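The following exercises are to be worked with the sequence and the model at hand. Each task is followed by a solution in steps.

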Amino acid sequence: MGYTDQRFDVNLSILFTELPLLERPAAAAAAGFTAVELWWPWIDTATPEQSELDALKKALEDAGTQLVGLNFYAGQLPGPDRGAVSVPGEESERFRANIDIAADFAASVGCKALNALYGNRVEGVDPAIQDTLALENLVLAARAADRVGAILLIETLNKPESPLYPLVSAPSAIEVVDKVNEATGLGNAKFLLDIYHLSMNGEDVSQVIAEYAAKTGHVQIADNPGRGAPGTGELPLERLLDELKKAGYDGWVGLEYKAADAAASFEWLPAEARPAR
């Protein structure tokens, strides 16, 4: 058990960010990883030119890296936004315009998980209206994901860093997962279990794992405090990942932590445990 028993991928939207997007897959490969994930890479547009999508596909393939997770359009992320799903007006329209583009790109590179960030509460808008809109958009996203053989991920964030984001506990995200599955009948909406965010919310991560491992479609980790690499904070990440494994989770574990020098930050993980298995 332990770290060497997991399937890790590198989040290229938080690591290797000193490099242009198209050079990051090769950097991850040079560090020994064969699987990567991304937030929506084009924060200024939900509908990039086909040439940009093609260039990213080529960069992934040339590096020999498999994309295992991709966010739908999520607004300015990193930045003030936390998704577009529940945000009325232009952002919701951008999200809808992005759904098939993201799903088709995922299909083109064999990515099987698409993450839809819920979006912040908007001042002056009834939360019930936002939640109704979110469900409509998530149903569309779940159907698009299903069309390309992928799952739809719903993520819990943390209140200290995302005070306007409504899904700041595991049960709140699970409730949305269940509603989407009930509405579509597809069963492909899953929980994105981010250990860092859960710990920042003060949740009992072991209890969340025990309760919701079966509904979990993807896992992300960073240590806490600091959101750094494993071993830089106080979280028992190795034990928690073992608990996930024992609870039946055998999916990907995304490395979504901050590091000034990404390549040097992987020393906690033996080189032989980095390639996907």
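**Exercise 1.** Identify the buried residues of helix 8 and the elements against which they pack.

*Solution.* Step 1: helix 8 covers residues 237–246, and its buried residues are Leu 237, Leu 240, Leu 241, Asp 242 and Leu 244. Buried means under 20% relative accessible area, with exposed over 50% and partly exposed in between (1.4 Å probe, protein chains only). Helices (H or I, at least four residues) and strands (E, at least two) are DSSP runs, numbered from the N terminus.

Step 2: an α-helix has 3.6 residues a turn, so residues three or four places apart point the same way.

Step 3: the packing partners of these buried residues include three strands at the start and middle of the list, namely strand 1 (7–11), strand 6 (189–194) and strand 7 (216–221), together with strand 8, helix 6 (195–200) and helix 7 (205–212). Contact here means heavy atoms within 4.5 Å.

Step 4: just after helix 8, Gly 248 has a positive phi of about 105 degrees.

The model is predicted: local features need pLDDT of at least 70 and side-chain atom pairs count only at pLDDT 80 or more, while totals for chains, interfaces and linings use all residues. Residues are numbered from 1 along each chain as its sequence is written, and side-chain values use heavy atoms, with hydrogens and water left out.

**Exercise 2.** Locate the residues that UniProt lists as "active site" and describe their surroundings.

*Solution.* Step 1: the unreviewed UniProt entry places this feature at Glu 155 and Glu 256; such annotations may be inferred rather than shown by experiment. Although spread over 102 residues of sequence, they cluster in space, with a largest C-alpha distance of 13.3 Å.

Step 2: Glu 155 lies in strand 5 (residues 151–155) and is buried, at a relative accessible area of 4%. Among the residues that Glu 155 touches are Asn 115, Tyr 165, His 197 and Glu 256. The side chains of Glu 155 and Asn 115 are joined by a polar contact of 3.1 Å. A polar contact is a pair of N or O atoms within 3.5 Å; within protein, one must be able to donate a hydrogen and the other to accept it, and residues adjacent in sequence count only if both atoms are side-chain atoms.

Step 3: Glu 256 is found in the segment after strand 8 (252–255), and Glu 256 is also buried, with a relative accessible area of 4%. The contacts of Glu 256 include Glu 37, Trp 39, Asp 194 and Arg 227. With Arg 227, Glu 256 forms a side-chain polar contact of 3.0 Å.

**Exercise 3.** Characterise the lining of the largest pocket.

*Solution.* Step 1: a pocket, on a 1 Å grid over the protein atoms alone, is an open set of points where a 1.4 Å probe fits, with protein on both sides within 12 Å along at least five of seven lines; lining residues have an atom within 4 Å of a point.

Step 2: the largest pocket holds about 260 Å³ of space. Of its 16 lining residues, Trp 39, Leu 77, Arg 82, His 197 and Arg 227 are the closest to its centre.

Step 3: by class, the lining comprises 5 nonpolar, 5 polar and 6 charged residues.

Step 4: Glu 155 and Glu 256 both belong to this lining.

Technical notes: Grid points are joined across faces, edges and corners, and a volume is the space filled by probe spheres set on the points. Ala, Val, Leu, Ile, Met, Phe, Trp, Tyr, Cys and Pro count as nonpolar, Asp, Glu, Lys and Arg as charged, and the others, Gly among them, as polar.
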